Amino acid sequence: MSQRLPTAILGRTGIEVTRLGFGTALWRPDRHHWTEEAASELYNEVLDQGINFIDTAYDYMFAEDWIGRNISDRYDEFHLATKCGCTDTQPDRNSSLHSWTGSNFLRNIEGSLERLGRESVDIIQPHNPTVAEVEGGGLVDAMREMRDTGKVRHLGISTTLPYLPTFLDWGVFDTMQIPYSALEREHEDWITKAAEAGVGIIIRGGVAQGETSSGDRSGTWAQFEKAGLDELREPGESRSAFVLRFTLSHPHAHTIIVGTTRVAHLRENVEAVMRGPLPDDVYAEAKRRLDAIGQTPVPTGDEE
């Protein structure tokens, strides 16, 4: 690349991350093109484009194996986060089943390190547990053991409301992975509050899974039209690129992990981020229009 991707410091971890990261939750039964050969090409392109933060998990099909086999010789070029809580009850690992016990967490990190071919990872994250599940399983103690034995550097958590405020109050987690985009603004103010407390913010869903020709099964993208955001797009700018730049405009979205199985889509995402956040007036107008259709963020509770 002739230009360097913009970066941010990931909270109190002190890690400098590119504001565009890469997420590896990519496998689907109908994606017949998504083979290890295709993954190798894409993962290497991710690094060639200058992205230095990759997020993965055991139950992202074969992502950890493919990372370990195809880009382990480039580990010095990027930071790596994985997750714990997943189980191995499904042979294809495409499962959302989790076991919230400390012993399972400790098995998880050993398995992840073996597949990745590493002695440690930068960040470990429980995979969306409730507060009760974290407390009941003694999960924080297990994560601290991982850190104390050098298997992980920092403790994070993938979370949402209503659990996020409690996890933030604990002061245990160095990073939080939180869903956010123009079309999912529920956590907008909480992202700011967490970042101001020193937490590194990893954004998932930063392009609302992208607008695709297969249709909007969730109805999320209908909000784009309802808010009239097409009128705010620059000439030639796709809706997905506009949403990504909206997400980038949040000053506390330290890194936005956007996954794709297509090199062309990856390059479009890079191009959007290189164009930078939306102009201030466009960003303000987009939020005003989204507020008007009921996309206001959930207050943090600090308002007077």
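# Notebook: loops, barrel and helix crossings

I started at histidine 187. Outside the four places on either side in sequence, histidine 187 is in contact with Thr160, Leu161, Leu164, Ile178 and Pro179. I am working from a predicted model. I placed histidine 187 in the loop that runs between strand E8 (175-179) and helix H7 (188-196). Is histidine 187 buried or exposed? Its relative accessible area is 1%. The cut-off for buried is under 20%, so I logged histidine 187 as buried.

**Leu161 and the next bond**

Leu161 was on that contact list, and I checked the bond that follows. The peptide bond from leucine 161 to proline 162 is cis. I read omega near 10 degrees there. Proline 162 sits in the loop between E7 and helix H6 (164-170).

**The barrel**

Next I traced the strands. How many strands close into the barrel, and in what order? I found 8 strands, in the order E3-E4-E5-E6-E7-E8-E9-E10. Their pairing is parallel. On average, neighbouring strands of this sheet are turned by 25 degrees against each other, direction ignored.

I then looked at one pair. Strand E7 (residues 152-158) pairs with E8 over 3 bridges, in the parallel sense. Which residue of E8 stands opposite glycine 156? I found threonine 175 there. H7 packs on the sheet and touches both E8 and strand E9 (200-204). I noted about 150 degrees between the direction of H7 and that of E9.

**H1 against H2**

I turned to the helix pairs. Helix H1 covers residues 36-48 and helix H2 covers residues 63-70. Their axes come within 10 Å and cross at roughly 65 degrees. Angles of 65 to 115 degrees count as roughly perpendicular, so I entered H1 as roughly perpendicular to H2. The crossing of H1 and H2 is right-handed. Which residues make the contact? From H1 I listed Glu36, Ala39, Ser40, Tyr43 and Asn44. From H2 I listed Ala63, Trp66, Ile67, Arg69 and Asn70. By class, this contact of H1 with H2 holds 5 nonpolar, 3 polar and 2 charged residues.

I also checked the loop leading to H2. Methionine 61 lies there, between strand E4 (53-55) and H2. Its phi is positive, about 55 degrees, although methionine 61 is not a glycine. I logged methionine 61 as buried, at a relative accessible area of 7%.

**H9 against H10**

The second helix pair is H9 (residues 239-249) and H10 (residues 263-275). I found their axes within 9 Å, crossing at roughly 45 degrees. That angle makes H9 oblique to H10. H9 passes H10 in a right-handed crossing. On the H9 side I listed Ala241, Leu244, Arg245 and Leu248. On the H10 side I listed Glu268, Asn269, Ala272, Val273 and Arg275. The contact of H9 with H10 divides into 5 nonpolar, 1 polar and 3 charged residues.

**Loops leading into H9 and H10**

Where is serine 238? I found serine 238 in the loop between helix H8 (222-226) and H9. Serine 238 counts as partly exposed, at 24% relative accessibility. Beyond four places in sequence, serine 238 touches Arg233 and Glu268. Glu268 also appears in the H10 part of the contact with H9. I took one long distance from here: the C-alpha atoms of serine 238 and threonine 82 are separated by 31 Å, with their positions 156 residues apart along the chain.

Arginine 262 lies in the loop between strand E10 (255-257) and H10. Its relative accessible area is 42%, so I logged arginine 262 as partly exposed. Which residues does arginine 262 contact, leaving aside neighbours within four places in sequence? I found His33 and Leu42.

**Two last checks**

Asparagine 128 is in the loop between strand E6 (121-126) and helix H4 (131-136). Its phi is near 65 degrees, a positive value in a residue other than glycine. I logged asparagine 128 as partly exposed, with a relative accessible area of 38%.

Glutamate 145 is in helix H5 (residues 139-148). Glutamate 145 is partly exposed, at a relative accessible area of 41%. How far apart are glutamate 145 and leucine 106 in space? C-alpha to C-alpha, I read 8.5 Å, against 39 residues apart in sequence.

Notes: Residues are numbered from 1 along each chain as its sequence is written. This is a predicted model: local features need pLDDT of at least 70, side-chain atom pairs count only at pLDDT 80 or more; totals for chains, interfaces and linings use all residues. Side-chain values use heavy atoms; hydrogens and water are left out. Axes are lines fitted to C-alpha atoms, for helices over the stretch in contact, and angles run from 0 to 180 degrees between N-to-C directions. Helices (H or I, at least four residues) and strands (E, at least two) are DSSP runs, numbered from the N terminus. Angles under 35 degrees count as roughly parallel, over 145 as roughly antiparallel, 65 to 115 as roughly perpendicular and the rest as oblique. A crossing is left-handed if the near helix is turned anticlockwise from the far one by less than a right angle, and right-handed if clockwise. Contact means heavy atoms within 4.5 Å. Ala, Val, Leu, Ile, Met, Phe, Trp, Tyr, Cys and Pro count as nonpolar, Asp, Glu, Lys and Arg as charged, and the others, Gly among them, as polar. Buried means under 20% relative accessible area, exposed over 50%, partly exposed in between (1.4 Å probe, protein chains only). Two strands pair if DSSP finds at least two bridges between them.
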